[in-house]
Amino acid sequence: MKKYDSERGSSLLRFFDRYLGIPIVFLLGIFKRKKTLPNDIQRIALLKTAAIGDTTILTAIIKDIEDYDANIKITLFTGSSNYEFAKLLQTQYKNLDVIKLPIKNPLKSIKYIRSKQFDYFLDFGPWPRLNSIFSFFSNSNYRVGFKTDNQYRHYVYDKYVLHSKDIHELQNYKNILKVIGIKKDNLPQINFVEKKIIESNIVIHMFPGGSRSYLKEWPERYWIDTINYLTSKNYQIYLTGAKVDKMSAEIIKEQCKYREQINITAGEFSLADTIKLLACSKLVISVDTGIMHIASALKCNLIALHGPTSHKRWGPLNNNAIVLQSPLKCSPCINLGFDNGCNVNRCMQSIYVDKVIENIDKML
């Protein structure tokens, strides 16, 4: 499974996005021409340039559009970090086309976007000004995106939706879709793999992604104690992750008691293989990251660990998930992913092993 950080986690890109993007978006807004809602919907573009988790949530929107009219052609524009997952969705949605944008080359990205014509161009990014610029130059009849507090990105849209930190991100996405008259109640879903549970398999995903990901890490010693508990009950443990996570997974494995029952797939499995592994697991234990959202969309038995991020905002949506939110009063403190908070993940440290084991027993 690959991990891309060069776009999503780039402080340089965020710097230019803010200090160049804001004035550019404001100026483009001055030249915006007023448009009216199209009477017919034949082609819709969705813009989501980062994050596997966000793209997993977007599956509910794709399904909403499909249920509204199965003949609508959907184009999903992605970045590098979520392209691999988005391509897998093409086996699930017959009218979905996926195009990866070269985010570091905005002019080339705009050329790709303008190569197609759309009735609606829907931008699901809550903060990047670059997304707003892409939306402005899209060859579309109507553009919809978010107005987010202190992000100054909404001037170019024909209609903007207030992005709220007080509701689940899925509901924010649904509010964009309501603008064009589509109101459905689908949840995120992945059904392109067969679910055949292997009772002895438990998947553990320890490695969050994105900016300041270290704040979402559960302490290493907590993982070791949890793994020792599970292997003492003869479960096979699978440690998932990207290639850069493999060494960390091996270090943890070496400190566990029953190492022969621990399998490291980090850096070995593709994303597609990891999804198949999740689909046949008895239980998934994960920090807040893309794998957690995928497990939720697969309707896996799931224990999700939330510290600096709110489960009400980013938590799993399947009925057979248990969320453990940090009990600290200052938690959560992250909304958009790069927000200022403490530099030590005390909130994750406050989710104790005995609480996790208690909920493991409930699940198993």
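These legends walk through several close-up views of one predicted model.

Local features are described where pLDDT is at least 70 and side-chain atom pairs where pLDDT is 80 or more, while totals for chains, interfaces and linings use all residues. Residues are numbered from 1 along each chain as its sequence is written, and side-chain values use heavy atoms, with hydrogens and water left out.

**View 1. Strand E4 sits between two parallel neighbours, E1 and E5.**
Helices (H or I, at least four residues) and strands (E, at least two) are DSSP runs, numbered from the N terminus. Two strands count as paired if DSSP finds at least two bridges between them. Strand E1 (residues 43-47) is joined to E4 by four bridges, running parallel, and here Leu46 stands opposite Leu122. With E5, E4 again pairs in the parallel sense over four bridges. Look for Tyr120, whose bridge partner in E5 is Tyr142, and for Leu122, whose partner in E5 is Val144. How many of the six residues of strand E4 are buried? Six of the six (residues 118-123) are, so E4 is largely enclosed by the rest of the structure. Buried here means under 20% relative accessible area, exposed means over 50%, and partly exposed is in between (1.4 Å probe, protein chains only).

**View 2. E4, helix H6 and E5 make a right-handed β-α-β unit.**
The helix in this unit, H6, covers residues 129-136. Right-handed means that, with the strands pointing away from the viewer, the path from the first strand over the helix to the second runs clockwise. E5 is mostly covered, with six of its eight residues buried.

**View 3. E5 also pairs with E6, and a loop links the two.**
E5 and E6 pair in the parallel sense over four bridges, and Phe146 stands opposite Val161 in E6. Now follow the loop between strand E5 (140-147) and strand E6 (159-162), where you'll meet Tyr152. Its phi is near 50°, a positive value in a residue other than glycine. Is Tyr152 buried or exposed? Neither label fits: Tyr152 counts as partly exposed because its relative accessibility is 36%.

**View 4. Six strands form an open, parallel sheet.**
Reading across, the order is E9-E8-E7-E10-E11-E12. The edge strands are strand E9 (262-264) and E12, each pairing on one side only. From one strand to the next, the twist averages 15°. Axes are lines fitted to C-alpha atoms, for helices over the stretch in contact, and angles run from 0 to 180 degrees between N-to-C directions. Zoom in on strand E7 (residues 201-205) and strand E8 (residues 236-240), which pair in the parallel sense over five bridges. In that pair, Val203 stands opposite Tyr238 in E8. Helix H8 (residues 220-231) packs on the sheet, touching E7, E8, E9, strand E10 (283-287) and E11. Contact means heavy atoms within 4.5 Å. The direction of H8 makes about 175° with that of E7.

**View 5. Lys299 has a positive phi in a loop that leads to E11.**
This residue is in the loop between helix H11 (290-297) and E11. Its phi is about 65°, although it is not a glycine. With 51% relative accessibility, Lys299 counts as exposed.

**View 6. Ser310 touches a proline that follows a cis peptide bond.**
Ser310 is in the loop between strand E11 (302-306) and helix H12 (311-314). It counts as buried because its relative accessibility is 13%. Which residues does Ser310 touch? Not counting residues up to four places away in sequence, they are Gly315, Gln325 and Pro332. Pro332 belongs to the loop between strand E12 (321-325) and helix H13 (346-349), and the peptide bond joining Ser331 and Pro332 is cis, with omega about 0°.

**View 7. Asn95 makes a polar contact with Lys73.**
Find Asn95 in the loop between helix H4 (80-88) and strand E3 (96-100). Its relative accessibility is 18%, so Asn95 counts as buried. The side chains of Asn95 and Lys73 make the polar contact, at 3.4 Å. A polar contact is a pair of N or O atoms within 3.5 Å; within protein, one must be able to donate a hydrogen and the other to accept it, and residues adjacent in sequence count only if both atoms are side-chain atoms. Leaving out residues up to four places away in sequence, Asn95 touches Ala70, Asn71, Ile72, Lys73 and Ile74.
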